[in-house]
Each structure stands twice: as C-alpha cells, then as structure tokens.
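User: Could you take a close look at one part of this model for me, namely the contacts that hold between its chains and domains? I'd like one connected walk-through rather than a list.

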Amino acid sequence: MDFELTDEQKMLSETVTRYIAETYEFSKREHALRGDEGWSREAYAGLAEMGLLGLPFAEEDGGFGGGGVEMMLIMEAIGRGLMVEPYFATVVLAGGVLRHGASAAQRAGIVPGLVAGEHILALAHDEAGIARHTLAVRTTARETGGGWTLDGAKIAVIHGQSADTLIVSATTGQGLGLFLVDARAEGVSIEGARGYDGVPVASVRLSGMTVGADALIGTAGDGEAILDKVFDEARAALAAEAVGAMAETFDITVDYLKTRQQFGVAIGSFQALQHRAVDMLMQLELSRSMAVLAALSLGGEVDQRRRNIAAAKAQIGKSGRIVGQEAVQMHGAIGITAEYKVGHAFKRLTAIDALLGDRDHHLARLAAMGGVYAAA
Amino acid sequence: MNLDFTPEEIAFRDEVRAFFREALPDDLRRKMIDREHLEKDDTVRWQRILNARGWAVTHWPVQYGGQAWTPAQRYIFQEEMALAHAPEGSPFNVNMIGPVLCRFGTDEQKARFLAATANLDIWWCQGFSEPGAGSDLASLKTSAVRDGDHYVLNGQKIWTTQAQHADWMFGLFRTDNSGRKQQGISFLLLDMGTPGITVRPIETIDGGHDANEVFFDDVRVPVANLVGEEGKGWDVAKHLLGSERSGIARIGLSKERLSQLRSLERRLADDGTLTTAEQQRLAFKLAEVEVELRALELTQLRVVSADAHGGGANAAASILKVKGTEMQQRMTELVLELAGPAGLATAAHGAPGDPDQGWIAAAAPFYFTMRKVSIFGGSNEIQKNIIAKTMLGL
C-alpha cells in the first residue's frame with residue numbers, strides 16, 4: 001500500500017500544471033470561448049506538443065502507454081485550468097473506444113492524427129427519451145450491401161461540432177455496435193450548442209447514412225463491453241478533473257478570505273467563514289482520495305472497479321456541489337459575475353456531476369450492487 | 001501508487017487476526033457485539049492479555065514496551081482489533097499518560113509508573129476539564145500552591161471519565177496566575193486516595209455513568225509528581241493531545257458497525273419489519289454512508305502512506321478527526337433508525353437465541369453516548385478553528 005507518486009509522475013504533474021497555468025490563464029480561456037469553435041486550437045496543439053494526447057495509447061500506436069494515475073494527473077491539471085479543449089472527448093472517450101475495441105488498421109488510420117492534435121473525435125451515445133447514463137440506445141445499424149446503414153438521433157455529444165470523426169453507438173440486432181462515422185459524410189447533420197460550462201456539445205442526426213464494413217469497431221455485439229470500460233475510465237478522469245477544479249476554487253476562495261476586508265478586518269477572520277472553508281477543504285481531500293481510488297481501480301478486478309468508480313463519482317458529485325456553492329457564496333456578488341473564474345469552476349463542477357451518471361445514479365447503482373464494500 | 005498491502009503486511013494482518021480470534025474471551029466479544037457497557041474488570045483483563053503478547057502499548061518507544069511498527073502495521077492492527085470486536089485498552093493509560101511519561105517523565109517516574117500503566121495495574125483518569133472552561137481549556141482555575149515539598153490543590157474538575165475506577169489522575173493545575181493563561185499551568189500526577197479528593201458521579205443521557213466531578217479540598221501532592229517543568233504543563237498537554245495519525249479516523253470501528261448494520265438490515269427485511277420502500281430507501285442511505293466511509297478510509301491510508309515516507313502534517317490528516325467522528329455518529333444514527341420502535345426497550349441485553357436482540361436494545365444508548373465523540377478531545381468546532389489557522393492561514 002503506497003500512495004506516493006513516482007519521480008516521473010511527480011514531474012509529469014508539475015510540468016503539466018505549470019504549463020497550463022502559464023499558457024492558459026483565465027483571459028485566454030474566455031477568449032477561446034468567444035471564438036467560432038468555442039475552444040482554442042492553439043492551446044490544444046500545445047497539449048499535443050507536450051505529448052499529452054498520446055499518453056494513454058500503446059507505444060506501438062504512437063502513444064506512451066500511460067496508466068490511470070498519469071491520466072489522473074493530467075485531468076487534474078486540466079481541471080485547474082478549466083480547459084474546454086477536446087481532451088476528454090477525443091482522448092478519453094473516443095480514444096478509449098479506440099484503445100479497447102479498434103483493430104490495428106483502424107488505430108493506424110486515426111491515432112497518429114489524434115496524437116498530433118489534428119484529428120478531433122467525439123463519442124455520440126446519449127439519446128433523448130431513453131434511460132440516461134445507461135448503454136441503451138434506439139439508434140439502429142442495419143447491415144446493407146457489405147456495410148451498415150445508420151439511423152437515429154444523439155444528444156449531448158461533447159465537442160461533436162468540431163469532430164472530424166464520430167464514434168456512434170447503435171443496435172445491430174446482435175447487440176450494441178460502435179461505428180466510426182465521418183462527421184462530414186452525407187446523412188449526418190450536426191447542430192452545435194454551447195454547454196453552460198463552456199464545453200461545446202452537439203445534437204447529431206443520422207438519416208440513412210451508410211458506412212463500410214470497416215467502420216465497425218470490433219464485432220457487432222462488442223459495444224456494451226467496450227463502453228462499460230470506457231465509461232468507467234471516463235468517470236475516473238472526470239473525478240480527477242473535478243479535483244483540479246475544486247482545488248483551484250478552494251485556493252482562490254481562501255486567498256479571497258485573506259484579502260477581502262469588511263468591517264475593518266479580513267473576512268477570513270470570521271469563524272463562520274473559516275469553518276466553511278474547512279468544510280470545503282474536507283470535501284476536496286475526500287474527493288482527492290476517491291480520484292486516486294478510481295485511478296488505481298481501472299486495471300483491477302471488474303466488480304471492485306465498478307463499485308469504486310461509482311463511489312468516486314458519487315463523492316465528487318456531492319463535493320463538487322458543496323465546494324462550488326460555498327465558493328460562490330463566500331465571494332458574495334463577485335462569485336456570480338461572469339468575469340470571475342470561480343463561477344466558471346462552479347459550472348464545470350456542476351456539469352461533471354451531470355455527465356456519465358450523477359450522484360443519485362451512482363448511489364442507486366451501488367445500492368443495487370449491495371454497497372461499496374463487497375460482502376465478505 | 002498501489003492499493004494492495006505487501007505480502008509482509010498481509011502476513012502481519014493474518015497473525016494479528018489469528019491472535020484476536022484466539023485470545024479475545026467469548027464473553028467480552030459478546031459484550032462488544034451487544035454494545036454492553038464494559039466493567040472495569042473487563043478492560044483490565046483484556047489489556048493484560050494484550051500486554052502479555054506485547055501489544056498493549058504498541059506505539060510507545062520500544063524501550064518502554066512499544067513495537068517498532070510501520071504506520072501501515074499500526075493501521076492494520078487497529079482495523080483488525082475493531083473488526084474482531086475487541087475492546088481497546090484504556091485510552092488514558094495507553095494513549096495519554098504513557099506517551100507523556102515516556103517523553104517528559106523523570107527516571108523515577110518512568111520506573112514507578114510505565115510498566116504498571118501498560119499492564120493496567122494503575123488505572124488512570126484525566127483531570128483537564130473544568131466547569132466554565134470547556135474548549136477554552138487554558139482558562140482552568142484549579143490551583144496548586146507550592147508549600148514546601150508539596151503542592152496544595154483546591155478547585156474542581158469535571159467530565160472526568162472513569163474517575164470512579166481510577167487509582168491515579170494526571171491533570172493540569174494552575175501554579176501561577178500572573179502571565180498569559182497558557183503559562184502558569186503545571187502537569188501533576190496524583191494518587192486518587194489522597195485525602196481531600198471527592199468524586200461525584202454524573203449520569204449521562206445514555207443512562208450510563210462514565211463521567212464524574214472531582215473536587216479538591218487542600219489536597220497535598222508531592223512536588224516529585226510534577227511532570228516536566230513547573231508552569232510548562234501546557235506544552236505537555238499539547239503533546240498528549242497530538243493524536244496518533246494512523247488510527248485517528250477509526251475506520252475499523254465504523255466498518256464493524258457497518259457490517260452489523262447490514263446484517264440487521266437483512267434480518268429486518270427477511271422478517272417483514274421493513275417494507276420494500278423502506279428497504280430501498282435504506283439501501284440508498286447505506287450506499288451514501290459507505291461512499292463517505294470509503295473516501296475517509298482512503299484518506300486515512302494516504303496519511304499512513306505519507307507517514308511511512310516521512311511526510312509531515314498534511315491537509316488530509318486534519319480532516320480525519322472531524323470526519324471520523326461524524327461517520328461514527330452517522331452509523332449509530334442509522335442503527336437507531338433501523339431499530340425503530342423495537343429500539344425503545346433498552347434492557348433486553350443478551351436475549352438467548354437472538355443474536356441481534358442485544359444490538360437492537362443497545363441502539364439508543366449507543367446513539368446517545370456517541371454524541372460525545374465530536375465534543376471531547378477538542379470539539380469538532382475547535383478542530384476546525386485549528387485547521388483554519390494552521391493550514392489555511394486564516
């Protein structure tokens with residue numbers, strides 16, 4: 001049992017955190033949000049140059065073979081910077097599908113561009129009117145003339161509008177299938193929107209659009225198993241991102257408590273506010289522990305992985321809400337102005353809870369699994 | 001990073017587990033499971049069993065009977081002790097006065113007290129709290145006035161846990177009124193049989209008697225019983241209150257309670273006491289509390305790991321006391337909810353053939369008595385003040 005980072009991991013964490021702090025200050029983020037795409041190609045290229053996009057991919061695919069802990073460190077830094085660039089959409093979600101399901105030929109066609117930051121991918125899975133945060137979909141894929149015909153509608157596709165390639169989940173008759181879809185192909189229509197957290201989302205409609213047999217990832221029934229794994233990895237990544245956003249929020253708030261004067265003293269001298277700051281710290285540390293647990297559980301036994309990830313997601317949902325709400329409250333009116341970072345961190349933390357199962361969803365999952373601790 | 005214990009740690013855990021299984025007397029285990037109040041003799045008997053194995057005072061320096069265990073070993077030992085339903089030894093002997101004497105005691109005091117303290121031949125109580133002082137411990141007033149080779153004590157202590165059993169008291173007394181209130185406090189050891197000491201019981205809301213008032217009326221204590229320097233008792237007390245970090249959140253206790261909670265839940269679901277809707281709500285609540293326990297457990301392990309790497313104080317350690325006590329209280333609250341109206345009758349301890357009966361009967365007293373854990377040892381509010389000041393710089 002050991003929670004120390006290796007020297008390499010420490011260096012990775014420090015380098016990435018410093019890089020994002022230096023190159024992605026809050027005004028740059030705001031500028032990126034106002035651009036056509038809602039994010040910065042330049043900032044994303046910077047992550048690519050540091051080798052971060054290739055981190056989880058195998059060395060033979062042009063990656064670095066990084067694991068859950070390395071991903072945690074990067075996502076925490078991204079969370080601190082509130083980066084809206086498509087790292088999560090492309091590397092974690094879509095990239096996860098490629099790593100766990102795609103053939104060598106499919107990977108060879110996509111991963112080099114992805115690692116270079118030139119190829120943007122998005123995972124199109126969620127649908128309206130269907131049990132959320134589950135693997136169920138209504139979108140269909142019919143086998144036609146050596147390929148597949150896709151019909152359906154997807155919502156909340158993160159970075160869908162900027163994607164060059166979509167990975168679409170659909171029922172195949174033999175189970176859930178995952179398909180590589182050129183975002184500009186005929187039969188694909190994409191309508192973009194801005195998420196309240198700044199991260200663009202899109203609705204995607206597929207109308208009789210056809211893909212070749214080589215678009216299928218794995219076999220026609222592999223989708224569930226692949227997404228099950230990818231979603232748990234993505235939840236672990238979100239937990240780490242939430243820790244970064246909470247840590248940044250907490251630091252800014254404590255700083256504010258020390259500098260903001262009222263009634264002739266720093267407001268941090270008031271016990272009511274001190275105790276609330278300590279409560280924020282506790283939530284941050286509990287979340288950090290769970291982000292670590294989630295990262296370390298990814299390679300482990302499946303039942304334990306599911307319990308630990310669900311517990312981590314439930315914890316950060318609660319903690320993110322507490323930290324975000326308290327930070328805004330303690331800043332007073334400053335906390336609700338759009339030009340101040342804390343409010344944006346609050347919004348990202350809120351969005352993270354909503355993604356891939358909120359607190360209640362995961363508590364219900366845990367209840368169904370008989371709890372966090374497997375029965376002895 | 002690695003979540004697993006090493007093979008050596010697992011072997012250690014198995015050794016500890018086997019010891020608790022064999023060495024803990026059945027009647028004591030039963031009392032612990034049923035949350036019955038332990039008699040003085042129960043605690044003495046068990047501490048002597050532990051001491052014979054060399055495990056009563058494991059975090060003392062080795063020369064005084066401690067074990068040179070790693071933080072992980074200490075954590076494992078604590079967790080296994082709780083999971084085995086084994087009582088802890090007397091905290092006043094093991095965690096408080098023992099380490100203080102190891103550090104500040106004279107050679108004479110060490111020779112006289114340490115072995116007897118480890119073996120619970122001397123039962124200690126702690127005389128810190130006073131009426132009107134509360135969390136503002138340094139405002140204590142009970143005076144110790146020097147008279148030749150003696151101090152003469154006058155005043156009153158309160159909330160003195162188990163003073164009715166105690167052979168000796170260690171306490172803080174005011175030897176000087178002139179400077180800052182933290183100065184002028186001295187740390188003294190006194191024989192409870194000394195003339196002028198009166199112990200009066202305080203009944204608490206759980207119906208039990210642990211707490212007492214202790215009155216001092218011209219009580220003469222030899223100057224040789226001063227620990228550390230006169231007027232420097234505050235430093236000694238601070239050392240005493242600096243808790244052991246490896247077990248501070250008491251995860252093992254909460255885990256043990258959780259498993260009893262789960263078994264009680266199954267039983268009440270099976271016999272029809274709980275409706276389906278109640279079962280569902282309860283399963284959700286249990287998941288909630290387990291998530292927090294898991295988060296706290298990992299936080300505790302992070303601190304254990306940091307200690308093993310020579311890490312000093314970190315933010316994670318500070319949350320353990322506050323969250324750990326909140327968690328223990330939450331467990332007792334859930335048990336009481338689960339017991340429902342059956343928990344109203346509190347006298348049905350150890351009903352034969354019904355393993356859960358004692359547990360249900362103890363639900364209410366246990367819930368009420370556990371309200372104290374967030375009050376004693378520096379209330380959780382005081383803990384937050386300390387964290388705000390020392391860690392956040394507020």
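Analyst: What follows goes from the chain–chain interface to the domain contacts inside each chain, and ends on one residue. Keep in mind that this is a predicted model.

Let's start where the two chains meet. Chain A puts 45 residues into the contact, and chain B puts in 45 residues as well. Together the two chains bury about 4,000 Å², and carbon and sulfur atoms account for 69% of that. On the chain A side, the three residues that give more than any other three are A:M1, A:F3 and A:Y373, which supply 22% of the area chain A buries against chain B.

As for the polar side of this interface, there are four salt bridges between chain A and chain B. In one of them A:R359 pairs with B:E288, with the closest N and O atoms 3.4 Å apart. The interface also has 18 residue pairs in polar contact, counting those with both residues at pLDDT 80 or more. If you want to find the chain A surface by its secondary structure, look at helix 4 (68–81), helix 7 (223–259), helix 8 (271–297), helix 9 (302–331) and helix 11 (359–368) of chain A, since these are the elements that give two or more residues to the side touching chain B. Helix 8 of chain A gives the most, with 17 residues. Sorted by class, the side of chain A that touches chain B has 25 nonpolar, 11 polar and nine charged residues.

Now step inside chain A. Its domains are domain 1 (7–120), domain 2 (122–220) and domain 3 (224–369). The pair to look at here is domain 2 and domain 3 of chain A, whose C-alpha centres lie 30 Å apart. Domain 2 of chain A brings 13 residues to the contact and domain 3 of chain A brings 15 residues. Between them these two domains bury about 1,200 Å², with 71% of it on carbon and sulfur atoms. On the domain 2 side, A:H133, A:L135 and A:Y196 stand out: they supply 49% of the area that domain 2 of chain A buries against domain 3 of chain A, more than any other three residues.

There is one salt bridge between domain 2 and domain 3 of chain A. You can pick out a salt bridge at A:R348 and A:D197, whose side chains meet at 2.7 Å, N to O. Three residue pairs are in polar contact across this interface, with both residues at pLDDT 80 or more. The side of domain 2 of chain A that touches domain 3 of chain A is made of eight nonpolar, three polar and two charged residues.

Over to chain B, which splits into domain 1 (7–89), domain 2 (124–233) and domain 3 (245–392). Here the pair to follow is domain 1 and domain 3 of chain B, with C-alpha centres 20 Å apart. In this contact, 15 residues of domain 1 of chain B meet 23 residues of domain 3 of chain B. The buried area comes to about 1,600 Å², and carbon and sulfur atoms give 58% of it.

Three salt bridges are counted between domain 1 and domain 3 of chain B. B:K255 and B:E79 form a salt bridge, and their closest N and O atoms are 3.2 Å apart. Domain 1 and domain 3 of chain B also have six residue pairs in polar contact, both residues at pLDDT 80 or more. Helix 2 (26–33) and helix 4 (71–83) of chain B each supply at least two residues of the domain 1 side. Helix 4 of chain B has the largest share of that side, eight residues. By class, the domain 1 side divides into six nonpolar, two polar and seven charged residues.

One last stop, at the level of a single residue. B:T142 is found in the loop between strand 1 (124–127) and strand 2 (143–147) of chain B. B:T142 counts as buried because its relative accessible area is 2%, under the 20% cut-off. The side chain of B:T142 makes a polar contact of 2.8 Å with the side chain of B:E130, and a polar atom of the B:T142 side chain lies 3.1 Å from the backbone nitrogen of B:Q156. Leaving aside neighbours within four places in sequence, B:T142 is in contact with residues including B:N154, B:F173, B:R174 and B:F216.

How values were computed: Residues numbered from 1 in each chain as written. Chains lettered and ligands numbered in written order. Predicted model: local features only at pLDDT ≥ 70, side-chain atom pairs only at ≥ 80, totals over all residues. Heavy atoms only, no water. Domains from an automatic or database assignment. Contact = heavy atoms within 4.5 Å. Buried area = accessible area lost by both parts, 1.4 Å probe. Polar contact = N/O pair within 3.5 Å; in protein donor to acceptor, adjacent residues only side chain to side chain. Nonpolar A, V, L, I, M, F, W, Y, C, P; charged D, E, K, R; others polar. Helix = DSSP H or I, 4+ residues; strand = E, 2+ residues; numbered from the N terminus. Buried < 20%, exposed > 50% of the residue type's maximum accessible area, 1.4 Å probe, protein only.
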